[in-house]
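Here is a short note to help you find your way around a structure you have not met before. Please keep the view open as you read, and take the points in order.

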Amino acid sequence: MADSPVPKPRQRATPTATGIQVGATPAAAPKGAFDQAREQVSGMAEEATTAVRKAANQGKDKAAEALGGLSKLADDAARTIDDRIGGGYGDYARKASTTVQDFASTLQSKDIDDLVADTKAFVRKSPVVAIGAAAAVGFLLTRLFKAGTSDGRA
């Protein structure tokens, strides 16, 4: 069998100021197209960052509101404990209420960037506690999710 000749790549004819030039590569995209695309991508990234920050702030506000409600429940429970069992026993619930309310106030007053920085510092300082807390939160969220489903199964 004879080897078939390898076809040459097709050459393109491109117009020039003096005529048509054969074999030239096609004209590159306009120089500003790359810059324009980069600006569009940058703009989309900014929009995404803004949307994430807005969602994070809304989540932070809802969490602080829920913690405030939990604090109120603990405070109400302290009064009930005082009425039924006697003074002093409700102090534990009041301390829990105060701690939760303080945390809610701290959460509400801080910016998302501050919360992220605080979290990073805490994880670096106490990684074992952070892992344990993450596991506990994951367990609680799973239980809440399962309880929220109609038949109790996720």
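1. Let us begin with the lining of the largest pocket, bearing in mind that this is a predicted model. The lining residues divide into 3 nonpolar, 2 polar and 2 charged. By name they are F103, T106, L107, K110, L115, D118 and T119. Phe and Leu count as nonpolar, so F103, L107 and L115 form the nonpolar share. K110 and D118 are charged, because Lys and Asp are placed in that class.

2. Where does the lining of the largest pocket come from? Helix 2, residues 90-109, supplies at least two of the lining residues, and helix 3, residues 112-125, likewise supplies at least two. As for the space itself, the largest pocket has a volume of about 170 Å³.

3. It may help to step back to the whole chain for a moment. Its secondary structure comes to 4 helices and 2 strands. If you read along the sequence, the pattern is β-β-α-α-α-α. The chain has 154 residues, and 11% of them count as buried.

4. Next, have a look at the charged pairs. Side chains of opposite charge can pair when their charged atoms come close. The count of salt bridges in this model comes to 8. Which residues are linked in a network of salt bridges? K72, D75, D76 and R79 are linked in this way.

5. Take K72 and D76 from that network. Their side chains meet in a salt bridge, with 3.5 Å from N to O. Both sit in helix 1, which covers residues 31-84, and because they are 4 residues apart there, about one helical turn separates them. Is each partner exposed or partly exposed? K72 has 54% relative accessibility and so counts as exposed, while D76, at 27%, counts as partly exposed.

6. D75 and R79 make another salt bridge, and their closest N and O atoms are 2.8 Å apart. These two are also 4 residues apart in helix 1, so about one helical turn lies between them. D75 is partly exposed, with a relative accessible area of 24%. R79 is partly exposed as well, with a relative accessible area of 47%.

7. Now for a pair that joins two helices. The side chains of R94 and D82 meet in a salt bridge, 2.6 Å from N to O. R94 belongs to helix 2 and D82 to helix 1; they are 12 residues apart, and the pair links distant parts of the chain. With a relative accessible area of 27%, R94 is partly exposed.

8. While you are looking at helix 1, please also find L73, which is part of that helix. What is its relative accessibility? L73 reaches 58%, so it counts as exposed. The C-alpha atom of L73 is separated by 9.3 Å from that of A93, and these two residues are 20 residues apart along the chain.

9. Finally, turn to the surface. F122, V123 and V129 make a nonpolar surface patch of about 240 Å². One of these residues, V123, lies in helix 3. V123 has 38% relative accessibility and therefore counts as partly exposed. Helix 3 is worth a second look for this reader's tour, as it also supplies at least two residues of the lining of the largest pocket.

Conventions
Residues numbered from 1 in each chain as written. Predicted model: local features only at pLDDT ≥ 70, side-chain atom pairs only at ≥ 80, totals over all residues. Heavy atoms only, no water. 1 Å grid on protein atoms, 1.4 Å probe; cavity = no way out; pocket = protein on both sides within 12 Å on 5 of 7 lines; lining within 4 Å. Points joined across faces, edges and corners; volume = space filled by probe spheres on them. Salt bridge = Lys/Arg side-chain N within 4 Å of Asp/Glu carboxyl O. Buried < 20%, exposed > 50% of the residue type's maximum accessible area, 1.4 Å probe, protein only. Patch = residues over 30% accessible without salt bridge, like charges linked within 9 Å, V, L, I, M, F, W, Y side chains within 5 Å. Areas by Shrake-Rupley, 256 points an atom, 1.4 Å probe, with all protein chains shown as cover.
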